[in-house]
Amino acid sequence: VKVLAVLASGSGSNLEAIAQAIHDGKLQAKIAVVIYNEPDAFARQRAEKFGIPAILVNHRDYKSRKALDLAIIDILKQYHVELVIMAGWMRIVTQILIDAFPERILNIHPSLLPSFKGIHSIEQAFNYGVKITGCTVHLLSLEVDSGKIIKQAAVPVLPEDSLADLQKRIQVQEHIIYPEAIAEYISTL
Ligand code: GAR
C-alpha cells in the first residue's frame with residue numbers, strides 16, 4: 001500500500017474523510033504522518049482519533065518558506081512518504097518541496113478550477129453569483145491552484161443559500177471526491 005502524509009492547517013475534515021476511507025477499505029493506503037502548522041488545528045485531534053502521529057511544524061519558527069519546506073521534507077523522508085496529500089494546507093509552497101516529490105503532491109481546492117483561485121474561493125464564487133461551483137483535486141504546482149486536474153465535483157448554488165450553506169455543500173463533495181481521487185491517482189502510479 002502507498003504511504004501517505006496529510007498536511008493540514010485547520011479543521012482537518014478532509015483528513016478525517018481520507019482516514020475513514022482507508023479504515024473502510026475503500027482506499028488502499030496508509031497515512032504515516034499528519035503535519036500541521038497551526039498549534040490549535042483540530043486536525044491534530046482527528047489524527048489522534050485514528051492513531052496517526054501528528055507533528056507540528058509551526059511556520060512562525062522558520063525564517064523563510066524554504067526553511068519551512070525543508071523541515072517538512074525531513075519529516076516526509078523520515079516516514080518514507082510516497083504521496084503527499086494537502087488537505088487545507090494554507091501555506092504557499094516552494095520549488096524545493098515540489099522537486100522533492102515531483103508529481104506526488106495532491107491538493108484540494110474549493111472551486112471548479114480554473115475559476116476562483118487563491119483564498120476565500122467559496123466567498124469569491126458566492127459573491128460573483130455563479131449558479132454552479134464545486135471542488136477540485138489537482139496536482140500541486142508552483143503557481144497556486146494551477147496543477148493538472150485529477151478530479152472535480154460540481155455543486156449547485158441555490159437561491160436561498162447562505163455562504164455557510166454553500167460551504168457545507170462543497171465540503172460534502174470534497175469528502176467524497178478526495179479519497180476517490182487519491183485511489184484513482186494511486187492506480188496510475
Ligand atoms: C477545504 O474546504 C479545502 O478545499 C480548503 O480548505 C478547507 C479545509 O478544510 N482549501 C483551500 O482553501 C486551499 N486554498 P478541512 O481542514 O476541514 O479539510
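By class, the shell around the ligand in this predicted model comprises three nonpolar, eight polar and one charged residues. The residues that surround the ligand are G10, S11, G12, S13, N14, G88, M90, I108, H109, P110, Q171 and E174. In terms of secondary structure, at least two shell residues come from each of α1 (13-23), β5 (105-109) and α6 (163-188).

Let me turn to the polar contacts. Which residue places a backbone N or O atom 2.7 Å from an oxygen atom of the ligand? That residue is G12. S13 contributes through its side chain, where a polar atom lies 2.5 Å from a ligand oxygen. For E174, a side-chain N or O atom is likewise found 2.5 Å from an oxygen atom of the ligand. On its own the ligand has 450 Å² of accessible area, and the protein covers 86% of that. As for location, the ligand sits in the largest pocket.

I come next to the annotations. An unreviewed UniProt entry gives the feature "binding site" for R65, M90, R91, I92, V93 and N107. Of these, M90, R91, I92, V93 and N107 are included in the lining of the largest pocket. M90 deserves a second mention, since the residue also appears among those surrounding the ligand. Its place in the chain is the loop between β4 and α4 (95-100).

The UniProt record, again an unreviewed entry, also places "domain: Formyl transferase N-terminal" at residues 4-182. That span is 37% helix and 23% strand, and its end C-alpha atoms lie 10 Å apart.

Finally, I would draw your attention to two points of backbone geometry. As a general background, most residues other than glycine have a negative phi, and most peptide bonds are trans. Where does the model contain a cis peptide bond? The cis bond joins L113 and P114, with omega at about 10°. P114 is located in the loop between β5 and α5 (121-128). β5 was named earlier as one of the elements that supply at least two residues of the ligand shell.

The other point concerns H80, which is not a glycine and yet has a positive phi of about 55°. H80 is found in the loop between α3 (65-78) and β4 (83-86).

To return to the ligand in closing: it occupies the largest pocket, with polar contacts to its oxygen atoms from the backbone of G12 and from the side chains of S13 and E174.

Conventions
Residues numbered from 1 in each chain as written. Predicted model: local features only at pLDDT ≥ 70, side-chain atom pairs only at ≥ 80, totals over all residues. Heavy atoms only, no water. Near = heavy atom within 4 Å. Polar contact = N/O pair within 3.5 Å; in protein donor to acceptor, adjacent residues only side chain to side chain. Areas by Shrake-Rupley, 256 points an atom, 1.4 Å probe, with all protein chains shown as cover. 1 Å grid on protein atoms, 1.4 Å probe; cavity = no way out; pocket = protein on both sides within 12 Å on 5 of 7 lines; lining within 4 Å. Sits in = over half its atoms within 2 Å of the grid points. Helix = DSSP H or I, 4+ residues; strand = E, 2+ residues; numbered from the N terminus. Nonpolar A, V, L, I, M, F, W, Y, C, P; charged D, E, K, R; others polar. UniProt positions renumbered as here; feature names shortened; annotations may be inferred.
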